Amino acid sequence: MAHRAGGRALSLLRGRLCLPGPAGSGGCGQPPEQARLGSSGAAVQRSPQAAGAEEAGEDAEVSTRKKTFTEVQTERSEQAERTVLIKCPPKLNEKKLLQYLSTHGNIKSHFFFENRGIHALIEFSEKNSIASLQDAIEIPSAAEHHVVPFKSRLFTFTLKNPVRQAAEETPLHLSPQSHIPVKELIHKLCLADSVSSQMYILLNEYQLTEENIRLRFLACSLVRDFARAYFPDSTVKPFGSSVNTFGKLGCDVDMFLDFRVTEKHATAMKKGPFEMEYQMKKLPSERLATQKILSVIGDCLDNFGPGCTGVQKILNARCPLVKFSHQPTGFQCDLSVSNSIAIKSSELLYIYGSLDPRVRALVFSVRCWARVHGLTNSVPGTWITNFSLTMMVMFFLQKRSPPIIPTLDQLKELADQKDKLVIGGRDCSFVSDLRKIKLTKNTETVDVLLGEFFEYFGNFDFRKNSINLRKGKEVNKPESSPLYIWNPFEQDLNISKNVNQPQLEKFVAMARESAWILQKEDKAQRMINKEPWGLAALLIPFGKSNPSKMKNRVKGIGSETIRSLLDSLKLNNASSIQKAVGK
């Protein structure tokens, strides 16, 4: 206790005197530029303030890359628990705000962003600083509406003397929370010197930033605060694109309510001469329990959650969930319960994305290409999902010679005892330590991989073959779905079962067209004509830039493979596409 009190006193003293904290702490003794976040994990700083900041960001990324998926998620969850979100007035003096907040504890990092007004994310060095701040904050007056007295970590900061204090405002650096429009992206890509450079530019513009990742974990942490009113040992964790290194700015936050902490605690208590257990409500099935839990949490968020709007309880789906909009962070959220296999899928993609920088660059380019051409959609339907498309890229990279990433079975062979995991009778074991995985000897450039991806799937025999990441090879389709991609862990499921025949035919046609553009375009001439080239040309809906060229593409082709691809694109002949994908 004395140690904690001493640490608290030192923290308060440092805050009041604005002494600089430990290196990189981002305390009020540092200039705002240095206090802002570097990059780690999947994030890369978009516009570093100086060369030194850029190098620090690169070091942080390398450091995080060596950590296991679980270690990174644990660190970010703990970071979120020390964080508050403050809605600020439009005119603000940043230094004075930080000085005031520092009286409650040392500020480790902070940043500002815009979402229905200016917001500040503040990370303290210690969790008890938040309790100190909450004790000093007032409950809003109820002149017009009665308030629900739930004290969250969402605050509103106002000026007591707006006119005088507004005159002291300082310019704020606002962290972007959305990617640039495709039209602006195409302009940037045209200024690059190679297709590979274009692909890394797209990655840098579209990937989740460090700040955005922190906001996602904070949103989960805020929902956890509500869940713990009913289930004190529960946690709420993000999964999917928020954590697998393939998330795009603006994507939804998938989160799940996890009770495994409670189960581990119960296991540890089984000692001594007696058997002790809690008295708990018993229900006929796990699904019914999940539905009831989500129903209660959904009602809680809807009735009492500040900033939680548009709450929908979708309890009869295969995986019951609650959808809602979290206005303070600007995210659309999906909450489910203990989705263990989805977490393992996230970890698998995290490993693949961490092994080689070409993996993420290729995935982001292919997914952006697919969205531009209407091959994917944010609304559920008969089109290919981003998850399916990502798995297709992973399979393609497993098929290179030599392979760029290992198969799931190869990762399983590297697993040690702590990696062993069986979920619902399904073996979900694979190595978690990245250092145990040998790096590839493949030296193909990422632009070559992009062209080869389009040619590979433009000629793939979808009638007969399916895609299996566990084996890393084509296997006969077990049933007649147009596109069959084996679920890596639930081998009896096809993750692309929703895709219909027309959508698959469209994908093949677009892949063939893209292969042609990358192999036959005259980059120099297109630059002279100020036309998009390389990846930029692929991000314009085909037929809009120069439809007359579609008729003349057979001329000058030296490859029988490309000639056959072009034949399939003639407007009067679609039979070769139908032959490739079947009926």
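Helices (H or I, at least four residues) and strands (E, at least two) are DSSP runs, numbered from the N terminus. Axes are lines fitted to C-alpha atoms, for helices over the stretch in contact, and angles run from 0 to 180 degrees between N-to-C directions. The model shown here is predicted: local features need pLDDT of at least 70, side-chain atom pairs count only at pLDDT 80 or more, and totals for chains, interfaces and linings use all residues. Residues are numbered from 1 along each chain as its sequence is written, while side-chain values use heavy atoms and leave out hydrogens and water.

**View 1. Helix α9 packs against helix α14.**
Here α9 and α14 (residues 357–372) have axes 9 Å apart and make an angle of about 80°. The two are therefore roughly perpendicular (angles of 65 to 115 degrees; under 35 is roughly parallel, over 145 roughly antiparallel and the rest oblique). To find the contact (heavy atoms within 4.5 Å), look on α9 for M199, Y200, L202, L203 and Y206. On α14, the partners are P357, R358, R360, A361, L362, F364, S365 and C368. Sorted by class, this contact of α9 with α14 holds 10 nonpolar, one polar and two charged residues. Ala, Val, Leu, Ile, Met, Phe, Trp, Tyr, Cys and Pro count as nonpolar, Asp, Glu, Lys and Arg as charged, and the others, Gly among them, as polar.

**View 2. Helix α9 also packs with helix α8.**
Now follow α9 (residues 195–206) to its contact with α8 (residues 182–190): the axes are 9 Å apart, and the angle is about 145°. From α8 come V182, L185, K188, L189 and C190, which meet Q198, I201, L202, E205 and Y206 of α9. The class count for α8 with α9 is seven nonpolar, one polar and two charged residues. You may recognise two names from View 1, since L202 and Y206 are listed there as well.

**View 3. Helices α4 and α10 cross at roughly 70°.**
The axes of α4 (residues 69–81) and α10 (residues 210–227) come within 8 Å, and the pair is therefore roughly perpendicular. On α4, the contact uses Q73, R76, S77, Q79, A80 and E81. On α10, it uses E210, I213, R214, F217, L218, S221 and R224. Counted by class, the contact of α4 with α10 has four nonpolar, four polar and five charged residues.

**View 4. Five strands line up in an open sheet.**
Read across the sheet in the order β5-β6-β9-β8-β7, and note that the pairing is mixed. Two strands pair if DSSP finds at least two bridges between them. At the edges are β5 (235–239) and β7 (308–314), each of which pairs on one side only. On average, neighbouring strands of the sheet are turned by 25° against each other, direction ignored. β5 and β6 (residues 253–258) run antiparallel and are joined by five bridges, with F239 having D254 in β6 as its bridge partner. α10 lies across β5, β6, β8 (321–326) and β9 (331–337), and runs at about 150° to β5. Helix α12 (residues 286–304) packs on the sheet too, touching β6, β7, β8 and β9, and its direction makes about 165° with that of β7.

**View 5. K237 sits in edge strand β5.**
Is K237 buried or exposed? K237 is partly exposed, with a relative accessible area of 29% (buried means under 20%, exposed over 50%, partly exposed in between, with a 1.4 Å probe and protein chains only). Beyond its neighbours within four places in sequence, K237 is in contact with C220, D254, M255, F256, D258 and R260. The C-alpha atoms of K237 and F217 are separated by 7.4 Å, although the two are 20 residues apart along the chain.

**View 6. Strands β12 and β13 make a hairpin.**
β12 (residues 465–468) and β13 (residues 473–476) pair in the antiparallel sense over four bridges, and I467 has E474 of β13 as its bridge partner. From β12, N465 and I467 point one way and S466 and N468 the other, and all are buried. Four residues lie between the strands, and G472 takes a positive phi near 70°.

**View 7. Three loops show backbone details worth a look.**
R116, in the loop between β2 (107–114) and β3 (118–124), has a positive phi near 55° without being a glycine. R116 counts as exposed, at 61% relative accessibility. T245, in the loop between β5 and β6, is not a glycine either, yet has a positive phi of about 80°. T245 is buried, with a relative accessible area of 4%. In the loop between α15 (386–398) and α16 (408–413) you will find P402, joined to S401 by a cis peptide bond with omega about -5°.
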